[in-house]
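Let's take a walk through this protein together, with the sequence and the model side by side. The report goes from the overall make-up to the sheet, the core and the cysteines.

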Amino acid sequence: MENSIINEWGVDPGFIILGLAIITLILFVAVIICLIRMSQLYRRYDIFMRGKDAETLEDLLIKQIEEINLLKIEDKANKDNIRSINRNIRASFQKFGVVRYNAFNGMGGNLSFAIAMLDYTNSGFVLNSVHSREGCYLYLKRVDMGQTEVLLGSEEREALEQALGYVEYSEPEDK
């Protein structure tokens with residue numbers, strides 16, 4: 001073995017074999033440590049995937065996705081209902097004004113009244129009820145965007161202003 005490359009290095013081949021054996025032993029220990037850690041990781045992964053009561057994570061995710069889809073459908077239905085309710089509210093009477101008064105002094109009591117009922121666009125009517133000994137008379141006047149085509153009496157105008165929010169309601173004093 002005179003012509004061997006190892007001889008040219010000038011190192012005893014026993015040291016090289018010993019060094020390689022030490023490196024092999026270190027690598028063998030590293031492989032065992034890696035296998036132990038992989039086994040621990042696999043156990044943790046298995047526990048994670050099994051979930052509660054032996055449910056798999058996939059089943060849990062599928063259930064959550066189905067619930068989310070149901071919630072989206074319900075959300076859309078709720079939004080449609082809210083839009084419908086808003087349309088109905090705008091068309092309903094939501095502003096009111098009431099004025100009680102004594103139409104004929106000396107006849108006693110504030111039995112006459114004027115009521116203004118308006119919707120979202122300030123359109124609606126003013127109803128005036130005049131009470132006398134001979135009977136009760138009702139007068140209805142149309143209101144469009146806060147204005148009337150017919151001249152209003154002072155009580156009717158006050159009821160309309162209450163409905164529009166210009167004047168607060170006050171109870172009349174009995175005379």
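## Overall make-up

What percentage of the residues in the protein is buried? Buried residues, meaning those under 20% relative accessible area (exposed is over 50%, partly exposed in between, with a 1.4 Å probe and protein chains only), make up 15% of the 175 residues. Please keep in mind that this is a predicted model, where local features need pLDDT of at least 70, side-chain atom pairs count only at pLDDT 80 or more, and totals for chains, interfaces and linings use all residues. Residues are numbered from 1 along each chain as its sequence is written, and side-chain values use heavy atoms, leaving out hydrogens and water.

The protein exposes about 14,300 Å² (Shrake-Rupley method, 1.4 Å probe), and carbon and sulfur atoms supply 61% of that area. Taking contacts (heavy atoms within 4.5 Å) between residues at least 6 apart in sequence, 40% join residues at least 24 apart.

## Helices and sheet

You will find 4 helices and 5 strands, taken as DSSP runs (H or I, at least four residues, for helices; E, at least two, for strands) and numbered from the N terminus. Along the sequence the pattern reads α-α-α-β-β-β-β-β-α.

The 5 strands form an open sheet in the order S1-S2-S3-S4-S5, with antiparallel pairing; two strands pair if DSSP finds at least two bridges between them. Strand S1 (95–101) and strand S5 (147–148) stand at the edges with a single partner strand each, so one side of each has no neighbour in the sheet. S5 pairs with strand S4 (residues 136–144) over 2 bridges, and Val143 has Thr148 in S5 as its bridge partner.

Helix H4 lies across S1, S2, strand S3 (124–131) and S4, and runs at about 150° to S1. That angle is taken between N-to-C directions, from 0 to 180 degrees, using axes fitted to C-alpha atoms, for helices over the stretch in contact.

## The nonpolar core

The largest nonpolar core (buried Ala, Val, Leu, Ile, Met, Phe, Trp, Tyr and Cys residues joined through side-chain atoms within 4.5 Å) has 10 residues, including Val99, Val126, Val143 and Leu160. Strand S2 (112–118) and helix H4 (154–164) are the elements that give two or more residues to this core.

Leu160 is a good place to zoom in: leaving aside residues up to four places away in sequence, Leu160 touches Ala116, Leu118, Val126, Val143, Gly146 and Leu152.

## The cysteines

With a disulfide taken as a pair of cysteine sulfur atoms within 2.5 Å, the count is 0. Cys34 counts as exposed because its relative accessibility is 53%, while Cys136, at 47%, counts as partly exposed.
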